[in-house]
Amino acid sequence: MRRPSTLFLDPQKPLSICAASTCTDCPVQDRLQCHFGGKDLSRFFLIAFPPFILGGMGITRVNAWLLIPWLALILGYFGLVEIRVMCSHCPHYAEPGISTLKCWANYGSPKLWKYRPGPMSAGENIVFFAGWILIAGYPLAFLVIGMQWLLLALFALLTAELAVVMRLRLCNRCMNFACPFNRVEQSVRAAFFTRNPTVAGAWEGEKLS
Ligand code: SF4
Ligand code: SF4
């Protein structure tokens, strides 16, 4: 018998907040990503890393020491801040017994904050977008000031590709309805709510984006 991986949640087992006893035949299963595996993580890295590598190259060509603040910003944001303002609203975050995230995007980030189902506050939205602007804007400034036009074009192209692939392939299947980028259809959200009363309760009376 195949043993479930300890690197990811058992795909045969419903999420702990899910009221269903099995994922088999769940109508949500093919429309929403409740479980993640190595393939999901590798695919995400494949689209997410290239713009970061190009941005890092642009900074290094101006001054390699100035990579340090950018890397600190990336680690601080994706390891702590984004986890607080966005991921702490995600049903995946609610999973007990794991001290780090085991999903496709912020895999390995520590779960230091408490789970808060329901929408993000206005303040959380501001911090969420400010982080993204800073992380993308920092290397962009080096590419422009350093007149690294070829790198800038590639950086812009791969960042646009990342945004498009995420929008078309990931954000329309993500179970974190609180995220401002979430694009899951209302009917799928409703089907997920019927199986996840805690999440449904937290969204009661709230406008879904
Ligand atoms: S909604 Fe529940 S039962 Fe359906 S796939 Fe997700 S965890 Fe499994
Ligand atoms: S919002 Fe995305 S990155 Fe954050 S815990 Fe949920 S699935 Fe992972």
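Arg31 comes out as partly exposed, with a relative accessible area of 38%. In this predicted model, Arg31 has a partner: Glu185 forms a salt bridge with Arg31, and the closest N and O atoms of the two are 2.9 Å apart. The pair joins distant parts of the chain, as Arg31 belongs to the segment before helix H1 (38-62), while Glu185 is in the loop between helix H4 (149-170) and H5, 154 residues apart. Glu185 is partly exposed too, at a relative accessible area of 45%.

That pair is one of several. A search through the whole structure turns up 3 salt bridges. As a general point, side chains of opposite charge can pair when their charged atoms come close. Another of these bridges brings together the side chains of Arg43 and Asp40, at 3.8 Å from N to O. Here both partners are in helix H1, 3 residues apart, which is about one turn of the helix. What sets the two ends of this bridge apart is their accessibility: Arg43 is exposed, with a relative accessible area of 52%, whereas Asp40 is buried, with a relative accessible area of 16%.

Then there is the bridge between Arg84 and Glu124, with the closest N and O atoms 2.7 Å apart. Arg84 is in helix H2 (residues 67-85) and Glu124 in helix H3 (residues 122-145), so this bridge ties together parts that are 40 residues apart in sequence. Arg84 is partly exposed, its relative accessible area being 25%. Glu124, on the other hand, is buried at a relative accessible area of 9%, because that value falls under the 20% cut-off.

Next come the ligands. Around ligand 1 sit Pro14, Leu15, Cys18, Ala20, Thr22, Cys23, Cys26, Cys34, Phe192 and Arg195. Sorted by class, this shell holds 8 nonpolar residues, 1 polar and 1 charged. Ligand 2 is found in the largest pocket. Its surroundings are made up of Phe36, Met86, Cys87, Cys90, Leu101, Cys103, Trp104, Ala105, Asn106 and Asn176. The shell around ligand 2 counts 8 nonpolar and 2 polar residues, with no charged ones.

Some of the residues around ligand 1 turn up again in contacts made elsewhere. Cys18, one of the residues around ligand 1, is touched by Asn196, which also touches Ile17, once residues up to four places away in sequence are set aside. Asn196 itself is placed in the loop between helix H5 (186-195) and helix H6 (197-203). With a relative accessibility of 1%, Asn196 counts as buried.

Leu15, also among the residues around ligand 1, is in contact with Glu95. Leaving aside neighbours within four places in sequence, the contacts of Glu95 are Leu9, Leu15, Ser16 and Lys111. Glu95 belongs to the loop between H2 and H3, and it counts as buried at 11% relative accessibility. As for distance, the C-alpha atoms of Glu95 and Phe129 are separated by 26 Å, with their positions 34 residues apart along the chain.

Val165 gives another such view, this time from helix H4. Val165 is partly exposed, with a relative accessible area of 24%. Not counting neighbours within four places in sequence, Val165 is in contact with Ile47 and Leu170. The C-alpha atoms of Val165 and Ala72 lie 26 Å apart, and the two residues are 93 residues apart along the chain.

Finally, a word on the backbone. Asp25 has a phi near 65 degrees, a positive value in a residue other than glycine. Asp25 is in the segment before H1, and at 73% relative accessibility it counts as exposed, because the value is over the 50% cut-off. Met147 also has a positive phi, near 50 degrees, and is likewise a residue other than glycine. Met147 is located in the loop between H3 and H4, where its relative accessibility of 57% makes it count as exposed.

Conventions. Residues numbered from 1 in each chain as written. Chains lettered and ligands numbered in written order. Predicted model: local features only at pLDDT ≥ 70, side-chain atom pairs only at ≥ 80, totals over all residues. Heavy atoms only, no water. Near = heavy atom within 4 Å. Nonpolar A, V, L, I, M, F, W, Y, C, P; charged D, E, K, R; others polar. 1 Å grid on protein atoms, 1.4 Å probe; cavity = no way out; pocket = protein on both sides within 12 Å on 5 of 7 lines; lining within 4 Å. Sits in = over half its atoms within 2 Å of the grid points. Helix = DSSP H or I, 4+ residues; strand = E, 2+ residues; numbered from the N terminus. Buried < 20%, exposed > 50% of the residue type's maximum accessible area, 1.4 Å probe, protein only. Contact = heavy atoms within 4.5 Å. Salt bridge = Lys/Arg side-chain N within 4 Å of Asp/Glu carboxyl O.
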